[in-house]
Each structure stands twice: as C-alpha cells, then as structure tokens.
Amino acid sequence: MAIRRLSYRLDQEPDTGAVSLVPPDPDSPQLCEHEGRLWSAVARVMGVPPAGEAGSELSYSLLPDGGRLLCAALPGQRVEALHLSADTPGPGPVWPIDTWRSESWQGERDESLGSGFVESELPVPEAHFDRELLVAFARERADRVAPFLADVRRLFEDPAGRQIVLVEDDSETVARWIALACASLPETYVSALTFTTWTDDPRRAPQRIIGIGPEAEFDRSDDAVVEYLYRVHDGTGGGPESPATEPDAWARLTAERWLTGNPPRPPRGTATDPEGPFALIPLVAGALLKSATGRGAGGGEGAGRTPDSGASGHAQRLDGAERAPGPDGVGGAAGPDGAGQAQGFAGTGRAQSPEGAGRAEGSEGAGRAQDLDGAAGAQSAEAAGRTPDPGASGHAPDPGASGHAPGPGVSGHAPDPGVSGHAPGPGVSGHAPDPGVSGHAPDPGVSGHAPDPGASGYAPSSGASGHAPGPGASGYAPSSGASPHAPSPAPSGHAQRPGHAGPAADGELGGLRGDTLRAVLDAFTESVTRGEADARTLAELDRLCRGLDGDQALAARPLALALVKHRLDASRGRGTLPDLASFDGLPLGQEAWRELREEYGDRADDALRARLRDPVTTWTEPLRLALAVGADGGTGLARAMDRLAEALLHPERRDCAQAVHVLSELDHVAFTRRVLRHLLDNFTERKLDRLRALADSPQGDWLRRNIDDAPLTVRLAAAAAQWHGPPDRLRGVELFERLTGLLSARRVEDVKTLNLLWRLVWRNDPPNRAEQPRVARLCTPRLIIEADLGRRIMGWLKEPDQCDRELVAFAREMREDPKLGAQDRDTAELLVIAQDLADGRLAVNRASVGRLRELKRKVSPLGMVLGKGVDERVGRALAAANPLDVCESGLRILVAAGPDLLGAYRAHLLEERTRERLERELPGHPTELAAYYHLWRPRRRHGVTAGWRDVAAELLDQVLAPVLAHLDDHRLGQVATVLHREGQDVQEWTAWRHRVAGREQQT
C-alpha cells in the first residue's frame, strides 16, 4: 500500500530540446519505484502539447496495475501528480474532482516521510461543490441533466457507453458536471469515473469524461464523431452535439431529484439491491425510512452510528460544512507514522485492510457515510448497524476481496488504456478495444464492466459500524488528542443544519410527472414482476404507492397491481392466505381488479370450494380472498352464499350463529347484501315466517345492524318482529299501517308487497270487520282483488258502519273480482245499481228496475246499514225519474216499499226547489201531470202498504194540488184525455179536482 506525491515541470530536455515533463530537481530522485513508468503515465494523461503548456487542469485515471493517478496542472508550468497503488484502501472521504484547484497542490515538498510519502503535500478538498451549488447548477441546465446522467450510466454498462465530451466555456463548468455525476452515482462507481477537466486534444484523452473548450482541436462537423465515436454535450451552443437519447428511469428520477431541490442519496458501499447499483428503490427508500423512524436530518442515529462520527465527508460538505484542518494542517488525524490521510481521495472501493482500518475515521470521517442531506439511507442503515465480520466484510487481507492489489483482470477497475501506452488485454476489460476511437480503446475498466460488488466491497469503517476497532486492529496509533472517532470540528457558519428536511420533504416522488413518472414506476413494476425485489423493497414500494394521489396514483396502478399479484403468488406458494387488509389503500383501478379476477378468481374460488367441506367458522379467510380478487362467477362463492343464507333461515340451529359470526368478521357490505338477497331465493310463505323468526332470535341484532343493506322483504320481516314485541306490541291493521310507512310511497302499490304484509300481519286470517276499511284505504280495492284477498274483506261491504261513496267505490271494484262468491258479488252489484240509479247514470226502466228487484231478492236479508243505503238511493232515483218511467216500472216498488225508501222518495219531492219546479213545468206537460196523478191516486187493493197510501196522499195535496190553479179548461181537458187513453178513471180525477177546488173556496 503506497501513496506517492510526484512533482514535475514543463521544460526543455538538455539533450533534445523538446518540451517535456522533467523533475524539478533532476539530481534528487522522488523515491518512487518505477519512476519512469509513472512519468510516462503522467505525460500521457496530462496531454503535454508541443507548445509546452500542460493540457489539463485536473485529470483522474486508472493504471494497468489497478493503481490510480490524479494529476493537476498548476501555474508556472508545474504538474503535480498523486499516485495511489492498487493496494491502497478505499474509498476515502474525497472524490477526485474535489481536489480541483485545491490550494494543497501548491505546497512545497519540504518534508519526506520515507517510502514516497509526503503527507503534508497531499491535496485537500476545497468543498467547491456543496449541495446548494449543485442544485442551482442543475436547475440552470435542467434540460441537459437527465441526458447527461443517462450517458454517465451507460459508461458502466456492458458493452460500455462512449466517452463523454463536455464542451463548455470554462473548466469550472466541466468540474461541476463531473461533481454532479459523482454525487449521483452509486459510491462504488465514483472511483471508477475517470475524467479530465480540460484538454485541447480530446482524441488523445483516455478518460471517460473529457472537458474541452469551443476552440479545442475537435472536428464536430464529422457526423461520425458526434453520432458514433463520442457523446458530445455542448453547453456553449456553438456547434453540433450528439443526438439526444431517451434517458432511462434512473437518470430521469435522479435528475428530477436535483431539479426539485431534493438531491438523490446513492447507495453506499457494495450494492445489495436485487436490481444492482442503479436500482431506483434507493432513490426513494431513504426518504421513506427517515419518515418511518422519525429522524431529523442528523443521519448519525438513523445509520446506527454515533452522531457526528465520521460526519465531515461529502454529506456535510454538500450541506455547506467544510472540513476543519487537522493538527498537521492537512485535515486528518495523523498518526506517528503519518497515516492520517492514508485513504486519500476516493479509492477503488476494495475492502479496507486491517492495516488501514480506522485511519479514515478521524477528522475526515467516513467520507460519504452520511446521505447528501445528513440522513442515512436504507442501505446504509443496514450496512452500518451490524458488526463487521472479519471474514466477510473485508478485514482479512484477501487479495481477491480486500485492499491488496489483485491483477488487472480481477480488480474490477481496468486501467485507462492510454496511460500505459497499450490497450489492455481481454483479461482486463472483458471486451476488445474499440478501434474507432482515435486509435485507442475506450477506458474498459470504467465503461466495459461495472465494478463487481462482491469483489470491490469494503468493510464498514469504525464510525459507520457503531463500534471502535480494537487497539491491535488499526496498525496506527492515533495522535495525541485525535481519536479516530472524534468528529471534526466544523468551521463557524458551516455547521450542518440539523433541522433540514431530507429529499423526501416534498413527497417520495417529488414533482415527477408525465413520462418521467411513468418510466420510474414502470421500472419499479418490472422489478416486482421479475421477482427481483426483496421484502424490504416491497415494503418500501407498498408505502410509496399508498402515499400517492392524483396523477401519480393513476400512474402507480400497474405497480400496485404487481404488488398485489406478488403477494397472492407468494401466499399460494406457502399454502397460506394473504393478508387482504394490506390491499387497502393501494391505487387499484377497475382494470386492475378485472385482471385480478381473470387471473386469480378461479384459484380463490377453488380454494373456497374446498374449504366449504369444513365447519362454517373456517370459511372467513377463503371468503375474504375470493372477494378481494372478485371471484364473482365461481361456483365456490355461489355455494358459500347459498349455505350461509340457508343457515340464517334456521335460527334454531347452531349453523345460524356461526354464519352470523363469519359475516361479521368479513365485514364486507356487498357480500352481506348478496347473502341477504339469497334469503329470498325460491321464496315461500314459509321462508317469510323463518325470516321473522330470525329477527326474533339472538341473531336478530346482527340482522338489524345490516338492515339498510337488506332487501325490502327482509326489512319488513325484521320490522314486523320488532314492532310486534315490546314495547310497541302492535297488532292487526295498526302493525299493517306502521309497516306501510317503510314503503317508498308509504302505501302498498303492488301485489307482492300486499301479500307479504298480509302474511306478516294476519297470516291466513282475514282482518276483523272494523279493520277492513283501513286496509282498503292503505292500498286499493283493485290491488286487493289482484292479490286475491277480496273475499277476506267483504265483511266491510256486508256490514258497513255507514253506506257512503267510499263503500260504493269499494263495491264497484269488488263486483269485478272473479273469485268472489255469487252472493257477495250480487250484494256489491245491488249497491252499485242503486247508486247509479240515484246519480242518473242508469235510467229507471224495466231492465234496471227488474235487475234491482232480482238482486234484492237474492241477497235478502241485507244488513241494516246496507239495506237502508240501498233503499234511500232507490227512493231518490224514483223521485227524480220521469213519472212516466216510474208508472211503467217503478210503481210496484213504491207501493210495497218500506219507510227508508219512501222517506227518501217523499223528501226529494217535498223539497221546496222540486215543488216550485213542478208547479212551473207541469201545466205545460199534461202527460207528466196525468202520470203523477196515476202514481199518487188513492189505492185500496191488496199489496199496497199503508205507508205508501200516506205518502201518496201527502204528495197529491202538497205537490200536485197547487198545480191545478194554473190549469185552464183546455189543459184540464188534455189531462182528462190522457187519463182516458191510458184507461184510468177520469171521474176519479174530476172528483179529486173538485174536492181540491172546494177546499180552496172554503179557505
């Protein structure tokens, strides 16, 4: 393990006069093994031009032997280089780009520590790239961030992406692009990202990211250059650049994090996510974890480590906190052997060796142990909270896994091919070099294969693991007053803000919308579908889905569906049922439920059908699953509903209570409603009685709790049982009327409902006579007939309380009932004919009067109220009829009539209005006058009642006699002629007329 600081200057060689890199003191060696090889590498990566100026401000490259070379061009034609051998542990707290324009490069080499170490001259990071600066930088170039990050990621794919050329007006912009890439990449890849911030000859640059100015020797007019050889990003607008490619989901989400002010938190150490180091879950998982644990921005506790331990690396600097210099002025707690900065800048990501354990845990801390905003991510929390295993976490000096330098084909970081002057063999890069890139192969160690997490992992540092290494584990005794775990004091004004919210402050997906949102969620969905997500990832995705709304929730429906399918498949493999409560809150749309029904409905239904052989109490969970996936068309669900309904209809059995228990535990409104509807399948009156018994049983409480979801029949049965008992104790029509209040129109309007209510209230018995009018009013007579219940309320017609028009209307309907008895129908018809005669709708003639007399003979004797009502109507009808018609067909009724009929007849004719009308009209109608005389003349024959004789005599004197005064001799002769023609006794008429005239003379 070695870190060597080398210094050169541009000067003419004494022998050739050519401008080259020469040591500042040719007579003093730099104590570096293989000095010539390193000199050649420095010259190559710095791109020494013929003009004699260093071609790069800062370059970072990988060497063939696994070492790393960081070079800086300084004023005065100076070139400083830092060489880290392959076995130098890492990663350290410093990114290579952090040393851009560091003042430490200007230091004098005045202290030699042996073996090439010059501790005081190691470069110190300047913290140019804090969080706020990179966020502002990304926002100023919002459209370019995602395409740039997509190209950066492609550098680590197989096959590798092309070299990236950044065309900017100054190297500072290039450096910020590189810093943005480092802050976005997984930590294990940062040390593999080679770059040069500025060069005039990009074709000779071996690094992965190359910064140039608009005047560089780079022919962008050649389409092959910008389309096939390089990925050119032009920030000057002065020339062609590579066609934009569609950014991948990782690039989009990462860019969105920067643009929304919530920078990403790349995974630390070896990637453990099933999707690899570029997994999308860590970009949101840390925010979810922090929300779950209730931590603030102080990520030390959330990461399972002592607060502030190792907190002065990038996590703090990105929040504006700069590293305080250590006792030696460099920034680390230097031990007696000068090992305080042993880790240097970010290394290869190999495991830390026992000799180097604990050295970086001083003031420099654990580097990027904390997240960008100070909160530990989900992966870091797991990695930092466990005790390192010397055999598994990299403490053992295993050449294949630890800090010892393996061969180029093993290290996972192949060198820059241009550094050594030859392209590496297949064992280094894993693929042949690209001959089209200016005669040299791209950096295969960077872009050909991503570093193998298993080979390049490193052991958690002591500050990150939550325990201090033993005295013998470090190999370096800390200097006095400088503990390897002591936090570095932050300068005033740069302290980390403890109240700062993390990247999830604006929601787990920030402001993602449109294509970016869909791409990210699609990537999550594919991960779940492929079965690559572990339990923790699935939990994070589940929480993510539940926290979305609006457009984001709509876009997350495929992911929610994938999560549900995963749980269903997993539970089926275990032979268990999933926790369906976990589905609640997931944004599943109708299309998702349709797909679940198609794919899982049959499985769930089969499982339910098999369980139906067991006791009812074991059906709950199979039913819950079948309902969750919508197995509506399955026979299992149908059988279950049938059996539950059957059990409910037998409240005397134990199955009824068990069925209620299952339905209560399910608490599924729609399913309960369907079971209650099944109670009415093949409905009979017997089932109605069982429903009422269910309502009267202990399970009636459950029925009443769910009564709003029950069909009307069930609701009526439950209400009848409740009101029949205490405290209401309703019976008969009172209960019938209360039940009609549950109907929509508050009256019975259909036959089915009427039969139902009738069965509930009276079973097969008729209402008592007093209740029957109220029953008819609560529905209609026509409905009663259609329900075949007319015979049960005929008592109202036969024995009414009063014979009014309501009774007549009822009789009119009843006479149409084909199932009514003959006598009942005749009774109804008699009343109807009497009313029609009285109203004039039916004429008084031989037919009507004959039918009236026939019906009266058939139904005799009538009830007192009904008989009186019929007689009164007939009497009024005869009184109002034409006397000629009465003489022809009604006289026989009158002479034999009783007092009710005669009373109505007399009363009508003696009314003042009737008398005046007759006195006015009869003198001009001798025929009608003769008819009235014929009706009322005295009769002594058999069959004429005394009542009629009295009424007739009164009507002659009171109604007809006053008319005589208005008759002259001519009209009197006309009346006599009519009487003679009809065969009447004219002499009797003349005698009556003289008696009336005599009485008038006497008075």
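Histidine 566 has a relative accessible area of 26% and is therefore partly exposed, since this class covers values between the 20% limit for buried residues and the 50% limit for exposed ones. The model in which this residue was examined is a predicted one. Histidine 566 belongs to helix H22, which spans residues 557-574. Apart from neighbours within four places in sequence, the residues in contact with histidine 566 are Val528 and Leu538. Threonine 529 is separated from histidine 566 by 37 residues in sequence, and the C-alpha atoms of the two are 7.3 Å apart in space.

A second site concerns charge on the surface. A patch of negative charge is formed there by Asp219, Asp222, Asp223 and Glu227. Of these residues, glutamate 227 is located in helix H6, which runs over residues 223-229. The relative accessibility of glutamate 227 is 33%, so this residue too counts as partly exposed. That value also satisfies the requirement for patch members, because these must have over 30% relative accessible area.

The protein chain as a whole contains 46 helices and 9 strands. It consists of 1003 residues, of which 54% count as buried. The area exposed by the chain is about 42000 Å², and 48% of this area is supplied by carbon and sulfur atoms. Among contacts in the protein chain with a separation of 6 or more, 72% are between residues 24 or more positions apart.

Notes
Residues numbered from 1 in each chain as written. Predicted model: local features only at pLDDT ≥ 70, side-chain atom pairs only at ≥ 80, totals over all residues. Heavy atoms only, no water. Helix = DSSP H or I, 4+ residues; strand = E, 2+ residues; numbered from the N terminus. Buried < 20%, exposed > 50% of the residue type's maximum accessible area, 1.4 Å probe, protein only. Contact = heavy atoms within 4.5 Å. Areas by Shrake-Rupley, 256 points an atom, 1.4 Å probe, with all protein chains shown as cover. Patch = residues over 30% accessible without salt bridge, like charges linked within 9 Å, V, L, I, M, F, W, Y side chains within 5 Å. Salt bridge = Lys/Arg side-chain N within 4 Å of Asp/Glu carboxyl O. Lys, Arg positive; Asp, Glu negative; His and termini not counted. Charge placed at Lys NZ, Arg CZ, Asp CG, Glu CD.
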